[in-house]
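Reader: Could you take me on a close look at the nonpolar core of this chain? I would enjoy one connected account, with the surroundings included.

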Amino acid sequence: MLEQIQVRKAQINQRILEARSEAEIQNEEKNKYAGELQNISEQIIRLSDEHHAYEKKIEDIQRILAKETEKFRIGQTAYHREQSRLESLKNITERYDGYGNSIRRVMDNKKQEPGLLGVVADIVKVEKEYEVAVETALGGSIQNIVTEDEDTAKRMIQFLKKNKFGRATFLPLTSVSARKNPKNEAARKEPGVIGIASQLVKCEQKYEEVAAYLLGRVLVADSIDHAIALAKKNHYSLHIVTLEGEYLSPGGSMTGGAFKNSSNLLARRREVEELETKTNRLLQEIAQIKNRREDLLTAIELNEEDLEQVKETLQKEFIRQNTAKINVDRAMQQKNESEEVFSSLMKERQQMDRQVEEIRADQT
């Protein structure tokens, strides 16, 4: 019986070695799969963070895009509004609305008569703060028609007479000559005097004589009080206008009151230029916003492509993670089974050791 036990014990020892070796192999296998699972899980965390980062980035860009889109809408609305005003004002200017019938009839011939240069309001420019004063100084002369020469003026007068369109005043460049008042130069130094009206307007060089003819004898004062004082000092011999439109004539007459100028003839050119500048600026702003919107749309598209790539990679990693979990569970199960076999064999060997001790005890 002792010999049989020893033979069985030797067999069990061999199986114990095999079971131990198998358990170690299974443990290494389990550790390998667990390491893979850990790496994959860390990769999934990194990809998930990247996924959220792309989503947030896209949301941020979309918010900026929404603001730029609103700016684009507001800019387009403003542009169309100002462009409409500009076209309307241009049409009014081209039709010479607000001018006398005879003036409009003459200016209808501008294309056929190159010698027709325009009305006075077309050829002079003035800063907004001086418009009322200069228009007051011009009076009815603002509708005078400037021509290249006397022959053009003569033909247009014949045209008006023939068709009974009324009368008009012409200012031929070849005959208009400015007259100066020597007192004006001295008066420029008086309190409240801004300057001579002709020096407050701008025009092409060829029209300077016309401007001097119409405005060279008129002084511009900042207020009626200064104008009255200046007129008294010069014995009512000067033409004086104020910024608010009062007019003091030689001889002492005064004209003033609420200034109403619905036609706003002198300001039209300035308003057209201002509207052209404004519409051009709005167009540039709209173009810049459009470029920014296109850049933002491109950025969204690129980020969405990257996000889609991250999603695909993340999906693959989830599949790998699932496979790794299965491998870890299987390896763990095999390891546990090997350890159970090993434990069982160890118990069996311990039992045989007790049997051997009992047999030897009986022998003594």
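Author: Happy to; here is the core, followed by the chain around it. Please keep in mind that this is a predicted model.

The largest nonpolar core has 41 residues. Inside this core, the residues with the most contacts are V106, V119, V134, I145, V146 and L215. Let us pause at V119, one of that group. Leaving aside residues up to four places away in sequence, V119 touches Y96, Y99, I103 and M107, and also I142, Q143, N144 and I145. I145 thus appears twice, as a neighbour of V119 and among the residues with the most contacts in the core. There is also a second core, separate from that one, with 17 residues, including Y54, L307, V310 and A324. As background, nonpolar side chains in soluble globular proteins tend to be buried together.

Now for the surroundings. The chain has nine helices and 10 strands, and 36% of its 364 residues are buried. If we take contacts between residues at least 6 apart in sequence, 74% join residues at least 24 apart.

The overall outline is worth a look too. The radius of gyration is 51 Å, whereas a compact globule of 364 residues would have one near 21 Å. Along the principal axes, the C-alpha trace spans about 165 × 50 × 30 Å.

On the outside, the chain exposes about 22,300 Å², of which carbon and sulfur atoms supply 48%. Its side chains include 58 positive and 62 negative ones, and the centres of these two sets lie 10 Å apart.

Definitions and conventions:
Residues numbered from 1 in each chain as written. Predicted model: local features only at pLDDT ≥ 70, side-chain atom pairs only at ≥ 80, totals over all residues. Heavy atoms only, no water. Helix = DSSP H or I, 4+ residues; strand = E, 2+ residues; numbered from the N terminus. Rg over C-alpha atoms; globule rule 2.2 N^0.38 Å. Buried < 20%, exposed > 50% of the residue type's maximum accessible area, 1.4 Å probe, protein only. Contact = heavy atoms within 4.5 Å. Areas by Shrake-Rupley, 256 points an atom, 1.4 Å probe, with all protein chains shown as cover. Lys, Arg positive; Asp, Glu negative; His and termini not counted. Charge placed at Lys NZ, Arg CZ, Asp CG, Glu CD. Core = buried A, V, L, I, M, F, W, Y, C linked by side-chain atoms within 4.5 Å.
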